[in-house]
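Hi,

Here is the structure I said I would pass on. Have a look at it first, and my notes follow underneath.

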Amino acid sequence: MARSLIGFMVLLLFLSTCEASPIYQPISVCHRSAALVHFSPDHGSFKSLEETYEALRTFDVLGIQKKPNVTATACRLISEAVGSSSSTPKDLFYALKANSVAKCKINDKVFQGIITRLNAAVNDASSLLDFHYSVGGLVLVKSSKPDVHLANADGIFRSVKAFSQGDGKWRYSSNNPESSAFAAGIALETLAGIVSLASSELDQSLVSTLNNDISKLFDSIEKYDNEVLYFDVMLGDGHDHQGPLATTSSIVRGLTAFAALPGNKILGLANFFLGVGVPGDAKDLFNQIDSLACLESNRQGFPLALLMVSIPLILFLPSTVLSLTKKDSLQVKVNTVLGLNPPPLTVKLVGAFTSGSKDASLVESQELGFDAGTGLHNLNNLPKSIDVGSYTFVFEIVLHKPEDEKVYVTGGQKKVPVFVTGLIKIENAEIAILGSDLGSIETQKKLDLAGQSAVSLSANHLRKLRVSFKLTTPHGLAFNPHQVLLKLRHESKVEHLFVVGNSGEQFEIILNFLGLVEKFFYLSGRYDIELTVGDVVMDNSLLRAIGHIELDLPEPPEKAPRPPPQPVDPYSRYGPKAEITHIFKAPEKRPQKELSFAFLGLTFLPLLGFLFGLYRLGVNLKNFPTNTVAATFAVLFHVGIGAVLLLYVFFWLKLDLFQTLKLLGLLGVFLVFVGHRILSYLAATSAKLKSA
């Protein structure tokens, strides 16, 4: 439990630091950190061969050095699976998958046994998954034993093809009418394995029949934001309720196995997997990383490739927020989906548009400089036409070598949202009290919105309040922020919010108190004035108390609206409570101190009488036992009597009745036991003396 909690806290920590990354950024250190958290072995091993393979595959693609104990444990699980006669085709499939990464030693005799068992499983297969595990296992064996073939590849191909629904979905078995888009990827991957295992050239008409299935599959592809493509769970899918990530991942594996991904789709699918960010689940992380690895693998050499599969290049900005105040440079980076360096290329800024505008581009096409040390394409100085605001920058990747155009996909022009920020100048800020006659100024004061000064004003319901100021950008243009608000807060916590209008040259608001008396609930008194100016591109957005005004409003009429009740802070119940004052009964009158001490002395008289009585009775220690055991019990008996007397003293000093009775009961049991033993000894001694 503690280990899981620590892993969750680590995952939460690095997710919070990676959350602000650009949406389509290639694989980064955040994914490597997630892999180490998600694929943490339990006592040195994983729960299953499938999880072992997913961990090893993820570590291998991300370039994470596997711990020796993980590899050693994986090899032990692999050896047990391939050497056991009870292993199912699924066990053998994932054992061979894991071994393709772990590179464990498997002798030829074991390989021959695996080939025999998987060939028998192919002949006996009756479902799509049976074919997938057995054919997939043989494909993995073929990488070590090239002489592995399927004798009846045409017939097996037709058997698998029979599971197709003809609409892009596939069934898992002929007995189950339910179909799945997720199964389409499994089927395509299986058919690609059959083609590679065929002992002779496969009938091309069988392969060409897949064109319709793949075409129907692409008809169901979903699009988002014109840059993201993915396969969702199709309507009518049965028990196989896989999410978009798992479904798209399965289909990508199948399509890349057949080299059937067109260049105009591969970049959209890559954007989908990268747009997921850092998955919070081990299975989702494996699907993301494995699919991106499939997209990055150049499969143009596949002998029966239906289409060319190219490697997608991802263009992204390390930061989409540029500050004119700090003179930030525009930086662009291009990598493969797994973060590897691209071939020689040039990045061009072909256009920049104000967000939401269809006007002409604000910049001319220009190339970005390349820094080989950092791998960044830079534009050190933004064009003068770029002021603070939100823009859409349009980039284009130009490959230097023509042959690279057959290997890599750039996706044409790339649109990236960019925010340019800066310090906004606040000028001519004034606050004034206007008279009722044609707006004559009675009181006018300058406002220092950059400082902490505050103004004090007074007015009645026949006056007006005017607040005005001017906002300009670093390039001297008028600036219109998203929010410009003026708030008046009465001393009773009743608030009133007003939007400050823009006349083009400056921002100005005039509050006519005569028309606002009802809105103000006829509440006279002090009103604090607060000004808010905010925008996402302002480096100096402000929320400033600019002063207060004493308002003298008329008395409310009989049916005037009353102020609404103020909301109660729900957290106030957890705050400090009011101090409780108790009134206690006056203490009783007590006797004088001398009388109390006299009574104390009287309580000792019985003790003195007891001691005097012992003296008069002639008590002596002549009969004290000499036997060691009996003497021990005699001592314990007297100690117990002394403890009872001491208990009475403590009862008088500090103990209550219940505490005293509890301790007295324990001492009583002790005294009965030791007293019985010593009295029995004395009786036996007396009997011996009489008989003598």
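Let me start with an annotation: UniProt, in an unreviewed entry, puts the feature "domain: Ribophorin II second" at residues 314–420. Keep in mind that what you have is a predicted model. In it, residues 314–420 come out as 50% strand and 0% helix, with the end C-alpha atoms 23 Å apart.

There is a sheet I looked at in more detail. It is open and mixed, with 5 strands in the order E6-E14-E12-E8-E9. At the edges sit strand E6 (321–323) and strand E9 (366–367), each of them paired on one side only. Further in, strand E12 (residues 389–399) runs antiparallel to strand E14 (residues 413–421), and 8 bridges join the two. If you want one pair to click on, Tyr391 has Val418 in E14 as its bridge partner.

Now the overall layout. The protein chain is split into domain 1 (19–300), domain 2 (312–421), domain 3 (425–564) and domain 4 (625–685). Between the C-alpha centres of domain 2 and domain 4 there are 95 Å.

The same kind of record, again an unreviewed UniProt entry, gives "transmembrane region" for residues 302–324, 595–617, 629–651 and 663–684. I checked two of these spans against the model. Residues 595–617 are 96% helix and 0% strand, and their end C-alpha atoms lie 34 Å apart. For residues 629–651 the figures are 100% helix, 0% strand and 33 Å between the end C-alpha atoms.

Over in helix H11 (residues 210–219), which residues are buried? They are Leu210, Asp213, Ile214, Leu217 and Phe218. Viewed down the axis of H11, the buried residues stay within an arc of 135°, so they line one face of the helix. Their packing partners are helix H8 (153–161), strand E1 (170–171), helix H9 (182–197), helix H10 (204–208), helix H12 (244–257) and helix H13 (263–275).

Last, confidence. Mean pLDDT for the protein chain is 86, and 92% of its residues reach 70 or more. Residues 1–17 have pLDDT below 50, and this stretch makes 15 contacts in the model beyond near neighbours in sequence. Residues 299–307 also stay under 50, with 28 contacts beyond four places in sequence. Where pLDDT is low, the predicted coordinates should not be taken in detail.

Cheers

Methods:
Residues numbered from 1 in each chain as written. Predicted model: local features only at pLDDT ≥ 70, side-chain atom pairs only at ≥ 80, totals over all residues. Heavy atoms only, no water. UniProt positions renumbered as here; feature names shortened; annotations may be inferred. Helix = DSSP H or I, 4+ residues; strand = E, 2+ residues; numbered from the N terminus. Domains from an automatic or database assignment. pLDDT = per-residue confidence, 0-100. Contact = heavy atoms within 4.5 Å. Pairing = 2+ DSSP bridges. Buried < 20%, exposed > 50% of the residue type's maximum accessible area, 1.4 Å probe, protein only. Arc of directions from axis to C-beta.
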